[in-house]
Amino acid sequence: MDFELDADQQAYREAARQFAQREMAPNAAEWDANSVFPVDVLRQAGDLGFCGLYTPEAAGGLGLSRLDATLIIEELAQGCTSTTAFLTIHNMVNWILASYATEAVREAWLPSMLTGEKLGSYCLTEPNAGSDAASLRTRARRDGDAYVIDGNKMFISGAGDTQLLVVMARTGAPDSGAGGISAFAVPADTPGIDYGKKETKMGWNSQPTRAISFDGVRVPADHRLGDEGEGFRIAMRALDGGRINIATCSVGTAQAALTTAHRYLNEREQFGRALASFQALQFKLADMATQLVAARQMVRLAASKLDRGDPDATLYCAMAKRFATDQGFAICNEALQLHGGYGYLRDYPLERHVRDCRVHQILEGTNEIMRLVIARRLLDKDDLETLI
């Protein structure tokens with residue numbers, strides 16, 4: 001197993017690092033403070049291919065592996081966690097379109113989605129269906145050459161400011177569970193769609209979050225993604241990658257926090273000595289670095305398993321998401337603590353890192369649900385040595 005990056009991977013990482021340092025990091029605090037959704041910067045990211053990281057080349061994307069995509073996402077997250085997190089959701093939407101949409105829908109939407117000219121939202125969560133996504137109630141009823149969608153979604157990133165919605169809705173009977181769910185590509189301005197107020201959030205302020213209601217929304221039948229009843233499987237396949245993406249955002253933010261703390265400990269003096277000379281603080285820095293490297297390697301291992309189609313990929317994606325988001329938050333919080341009172345001020349990025357990373361332990365499946373996924377897969381196994 002080779003842990004070193006090849007020349008192409010180093011080039012991807014460097015391109016992302018330069019973009020993050022030039023276009024994202026200098027503006028992240030202002031985007032956060034004023035709730036600015038930086039669509040112009042997202043379009044610039046699209047010019048570099050960052051809106052289609054793992055969308056196949058045949059569909060117009062970069063066609064990178066999920067492992068290679070983590071290298072780019074980690075660097076972008078060091079510039080702005082919230083904006084990068086939205087970019088990963090947009091990438092997930094584009095991958096779904098490329099993988100499951102009809103040719104007509106792909107041709108109509110993907111070119112402008114991959115450049116960032118148009119943006120997408122992923123609509124799964126509902127008021128009464130969060131962790132239990134298979135119980136969703138949004139309904140899609142076939143009516144001739146169209147489907148009519150009624151229902152509600154909530155906590156939708158980008159809603160109200162995106163142009164395409166990937167919507168999971170029930171086409172089967174009310175008690176049909178996961179097998180009765182289908183997926184649809186729905187233009188965001190279709191009559192009957194209404195957007196709620198922009199939510200006031202603890203973090204992730206550079207992307208809007210709203211509820212969406214669907215009242216008699218007619219969608220052409222060819223806008224269904226995949227077969228009828230395949231929606232839940234599509235959603236879960238997308239979430240395996242989504243969990244790696246959000247875990248990578250935590251790793252990138254933790255790296256930024258560790259870098260800031262490292263610099264501060266060398267610059268700040270107390271009792272006539274640099275903070276870096278105190279053994280207690282050296283040990284904290286050592287633990288943070290160790291946790292960060294462990295999280296990064298777990299995320300990359302999960303990504304490589306997803307790339308290979310490993311039968312245990314879902315298990316590893318869940319473990320990586322649980323571990324990296326917990327450790328990422330802990331590292332950011334410890335970096336804030338090392339700054340003392342300064343860490344609590346918005347003059348420094350630490351409090352923003354803490355706020356932005358906190359939601360990663362909740363979305364793409366809460367970390368409690370990740371533990372359930374992990375435990376169930378382990379208990380299904382006769383030999384745990386296969387995990388080594």
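This passage describes the annotated domains, a covered helix, salt bridges, a helix pair and some individual residues of a predicted model.

Two annotated spans give a convenient way into the fold. According to UniProt, in an unreviewed entry, residues 7-117 carry the feature "domain: Acyl-CoA dehydrogenase/oxidase N-terminal". In the model this span is 72% helix and 0% strand, and its end C-alpha atoms lie 30 Å apart. The same kind of record, also an unreviewed entry, places "domain: Acyl-CoA dehydrogenase/oxidase C-terminal" at residues 229-379. Here the chain is 76% helix and 3% strand, with 28 Å between the end C-alpha atoms.

Helix α10, which runs over residues 350-358, is a good place to look more closely. Eight of its nine residues are buried, so the helix is mostly covered. The buried set consists of L350, E351, R352, H353, V354, R355, D356 and C357. What lies over these residues? The cover includes helices α2 (28-34), α5 (81-100), α7 (231-267) and α9 (313-338).

Charged side chains of α10 also take part in salt bridges, of which the structure holds 19. In one of them, D32 pairs with R355, and the closest N and O atoms are 2.7 Å apart. This pair links distant parts of the chain, since D32 belongs to helix α2 and R355 to helix α10, 323 residues apart. Are the two partners buried or exposed? Both D32 and R355 are buried. A second bridge joins E351 to R346, with 3.8 Å between the closest N and O atoms. That distance still qualifies because the cut-off for a salt bridge is 4 Å. The partners in this bridge sit in contrasting surroundings: E351 has a relative accessibility of 12% and counts as buried, whereas R346, at 54%, counts as exposed. Taken together, D32, R346, E351 and R355 are linked in a network of salt bridges.

Another salt bridge brings strands into the picture. The side chains of R218 and D143 meet at 2.7 Å, N to O. Because R218 lies in strand β7 (residues 209-220) and D143 in strand β2 (residues 139-143), the pair ties together parts that are 75 residues apart in sequence. Both ends of this bridge are partly exposed, R218 with a relative accessible area of 42% and D143 with one of 32%.

Strand β3 (residues 146-157) contains D150, a residue that is itself partly exposed, with a relative accessible area of 30%. Which residues does D150 touch, leaving aside those up to four places away in sequence? Its contacts are R137, T138, R139, F214, D215 and G216. D150 and S213 are separated by 63 residues in sequence, while their C-alpha atoms are 7.5 Å apart in space.

Helix packing can be followed in the pair α4 and α5. The axes of α4 (residues 66-79) and α5 come within 7 Å and cross at roughly 150°. The two helices are therefore roughly antiparallel to each other, because angles over 145 degrees fall into that class. On the α4 side, the contact is made by R66, I73, L76, A77 and G79; on the α5 side, the residues are T81, T84, L87, T88 and W95. By residue class, this contact divides into five nonpolar, four polar and one charged. Helix α5 also appears among the elements that cover the buried residues of α10.

Finally, two backbone angles deserve a comment. Most residues other than glycine have a negative phi. F271, although not a glycine, has a positive phi of about 55°. This residue is found in the loop between β9 (269-270) and β10 (273-274), where F271 counts as exposed at 77% relative accessibility. E364 is another residue other than glycine with a positive phi, with a value near 60°. Its place is in the loop between α10 and α11 (367-379). Why does E364 count as buried? The relative accessibility of E364 is 15%, and the class of buried residues takes in values under 20%.

Note on methods:
Residues numbered from 1 in each chain as written. Predicted model: local features only at pLDDT ≥ 70, side-chain atom pairs only at ≥ 80, totals over all residues. Heavy atoms only, no water. Buried < 20%, exposed > 50% of the residue type's maximum accessible area, 1.4 Å probe, protein only. Helix = DSSP H or I, 4+ residues; strand = E, 2+ residues; numbered from the N terminus. Contact = heavy atoms within 4.5 Å. Axes fitted to C-alpha atoms, helices over the stretch in contact; angles between N-to-C directions. Parallel < 35°, antiparallel > 145°, perpendicular 65-115°, else oblique. Nonpolar A, V, L, I, M, F, W, Y, C, P; charged D, E, K, R; others polar. UniProt positions renumbered as here; feature names shortened; annotations may be inferred.
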